[in-house]
Amino acid sequence: MTELDELLSTARDLDAADPLAGFRDRFLEADGVLSYLDGNSLGRPLRATAEHLQDFVREQWGTRLIRGWDEQWLELPQRLGDQLGAAVLGAAPGQCIVADSTTVLLYKLARAAVAARPGRSEILLDAENFPTDRYVMEGIARECGLTLRWVHAGYDGGVTAADVAAAAGPQTALAVFSHVAYRSGFLADAAAITKVVHDAGGLVLWDLCHSAGSVPAELDAWGVDYAAGCSYKYLNGGPGAPAWAYVATRHQEEFSQPIQGWLGSADPFGMAQGYEPAAGIRRLVSGTPPVLGMLPVQDMVSLIAEAGIDAVRAKSVALTEYALTVVDAVLAPRGVVLASPRDPQRRGSHITIDHPEFKAITAELWKQGIIPDYRNPSGIRLGLSPLSTSFEEVCLGIKAIDDELSR
């Protein structure tokens with residue numbers, strides 16, 4: 001038996017012993033896909049979602065028509081926000097809401113945060129953060145006459161509390177960081193970093209796009225001020241699904257909404273002259289809620305609640321640990337380099353591996369039904385969505401990479 005045969009046998013044993021294995025059957029299969037390792041970019045759809053969307057069109061929308069707004073649709077952003085807070089984010093009710101896109105919510109939250117710290121002139125952010133986060137903050141700095149203070153992290157790591165402590169100071173208005181780094185998968189110590197920024201008198205905005213649904217968050221316990229994230233990765237909301245935002249209760253009364261819309265007003269159907277913000281988290285809303293887009297998210301949040309986010313995290317760690325074992329055994333001898341933390345406590349649910357041939361190889365893998373994703377300058381990300389990814393898929397995917405490198 002070859003080493004790869006032994007690794008594949010181990011994968012099958014791990015799948016047989018996996019307490020969450022049954023959840024894989026809840027997801028739709030994709031014809032011709034042998035290994036889907038891109039759940040950190042777009043999660044698989046749930047079977048229940050396909051049924052619920054049809055039912056919604058035929059029953060709720062089809063029969064209730066405009067009455068649906070009064071009966072339940074207008075309440076859905078807050079109701080789903082509370083469910084997400086309870087199952088995934090460690091947030092008490094009344095602090096989360098589903099709306100807009102991640103980009104728009106980052107803008108709203110950051111703009112309100114800097115307004116809440118008048119007289120301070122700097123925004124701290126990670127030089128390796130996702131482009132959207134950087135671009136939005138660049139725009140806000142230009143609008144408000146602020147300075148961007150960049151925090152630099154290791155290529156295979158991310159921002160630490162020590163890095164932030166070295167950069168934060170009396171001019172810090174806001175710090176913006178990702179809980180899990182989009183490229184390396186580095187898992188930040190959100191509690192420690194939040195404390196450092198608070199000690200300097202600033203506010204913190206966390207981006208949880210690459211962690212929500214795979215890594216437990218404790219936004220309330222960490223003392224987080226603001227947070228946002230998408231819902232099409234580990235929350236399986238589908239392409240273009242609406243994002244979510246968190247505003248701690250203590251900041252809601254002073255929250256200055258930069259995009260004033262009718263549904264975020266105190267009395268939307270009063271149609272009054274002049275904007276008066278709604279009380280609580282609803283003031284973060286601007287326009288009409290994306291009801292259809294929320295339905296898949298609702299299904300996945302329910303599934304995570306059923307499985308338990310701690311069990312999801314345990315599976316995530318097991319998957320990435322197994323992936324590293326196979327990479328070390330099979331790909332490292334071919335010059336593949338790990339660009340993610342080895343410590344599972346500092347790693348999210350994806351790992352990045354680097355090789356100069358990976359850009360060309362990724363296109364070939366996709367043709368074979370092996371689907372990771374590529375990130376510049378030379379990385380393949382193996383995104384392992386705990387409730388839908390099997391250990392055997394991981395082994396088959398890495399074997400396919402090895403086969404391409406050996407050609």
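# Notebook: two sheets and the helices around them

**Entry 1: the seven-stranded sheet.** I began with the sheet that has 7 strands, and I noted its order as β2-β8-β7-β6-β5-β3-β4; the sheet is open and its pairing is mixed. I should say at once that this is a predicted model. Which strands stand at the edges? I found β2 (96-99) and β4 (147-151) there, each with a single partner strand, so one side of each has no neighbour in the sheet. I also looked up the twist: on average, neighbouring strands of this sheet are turned by 20° against each other, direction ignored.

A reminder to myself: strands of a sheet pair through backbone hydrogen bonds, and they do this either parallel or antiparallel.

**Entry 2: one parallel pair.** I picked β6 (residues 203-207) and β7 (residues 226-229), and they pair in the parallel sense over 3 bridges. I wanted one bridge to click on, and I chose aspartate 207, whose bridge partner in β7 is alanine 228. Next I looked for a helix on this sheet. Helix α8 (residues 190-199) packs there and touches β5 (172-178) and β6. The direction of α8 makes about 150° with that of β6.

**Entry 3: the edge strand β2.** I then went to β2 and its partner. Strand β8 (residues 243-247) is joined to β2 by 4 bridges, and the two run antiparallel. In one of these bridges, alanine 99 has alanine 243 of β8 as its partner.

In a regular strand the side chains alternate between the two faces of the sheet. I checked how the two faces of β2 fare: are they covered or exposed? Both are covered, with Cys96 and Val98 buried on one side and Ile97 and Ala99 buried on the other.

**Entry 4: after β2, an unusual phi.** Following the chain, I reached aspartate 100, in the loop between β2 and α5. Most residues other than glycine have a negative phi, and most peptide bonds are trans. Aspartate 100 is not a glycine, yet I read a positive phi of about 55° for it. With a relative accessibility of 28%, aspartate 100 counts as partly exposed, because that band lies between the cut-offs of 20% and 50%.

I found a second case at methionine 271, again not a glycine and again with a positive phi of about 55°. Methionine 271 sits in the loop between α10 (249-252) and α11 (291-307). Its relative accessible area is 58%, so methionine 271 is exposed.

**Entry 5: helix α5.** I tried a ruler test on helix α5 (residues 102-115). How far should its 14 residues span at 1.5 Å a residue? The expected span is 20 Å, and the end C-alpha atoms are 20 Å apart, which agrees. I also listed the buried residues of α5; among them are Leu105, Leu106, Lys108 and Leu109. I marked Lys108 in my list as a charged residue that is buried.

**Entry 6: the four-stranded sheet.** The other sheet I looked up is open too, with 4 strands in the order β9-β10-β13-β12 and antiparallel pairing. Its edge strands are β9 (337-338) and β12 (373-375), each pairing on one side only. I followed β12 to β13 (residues 379-383): 3 bridges join them, and they run antiparallel. One to look at is tyrosine 374, with isoleucine 380 in β13 as its bridge partner.

The loop between β12 and β13 holds proline 377. I stopped there, since asparagine 376 and proline 377 are joined by a cis peptide bond, with omega about 5°.

**Entry 7: helices by this sheet.** Helix α12 lies across β9, β10 (350-354) and β13, and runs at about 15° to β10. Helix α13 (residues 358-367) packs on the sheet as well, touching β10, β12 and β13; its direction makes about 45° with that of β13. Lysine 359 lies in α13, and at 55% relative accessibility it counts as exposed.

**Entry 8: α1 against α12.** Two packed helices are described by the angle between their axes and the distance between the axes. For α1 (residues 3-17) and α12 (residues 309-331), I noted axes that come within 11 Å and cross at roughly 175°. An angle over 145° counts as roughly antiparallel, so α1 is roughly antiparallel to α12. Residues making the contact include Leu4, Leu7 and Leu14 of α1 and Tyr322, Val326 and Ala329 of α12. The contact residues divide into 9 nonpolar, 2 polar and 1 charged.

Note on methods:
Residues numbered from 1 in each chain as written. Predicted model: local features only at pLDDT ≥ 70, side-chain atom pairs only at ≥ 80, totals over all residues. Heavy atoms only, no water. Axes fitted to C-alpha atoms, helices over the stretch in contact; angles between N-to-C directions. Parallel < 35°, antiparallel > 145°, perpendicular 65-115°, else oblique. Contact = heavy atoms within 4.5 Å. Expected span 1.5 Å × (residues − 1). Buried < 20%, exposed > 50% of the residue type's maximum accessible area, 1.4 Å probe, protein only. Pairing = 2+ DSSP bridges.
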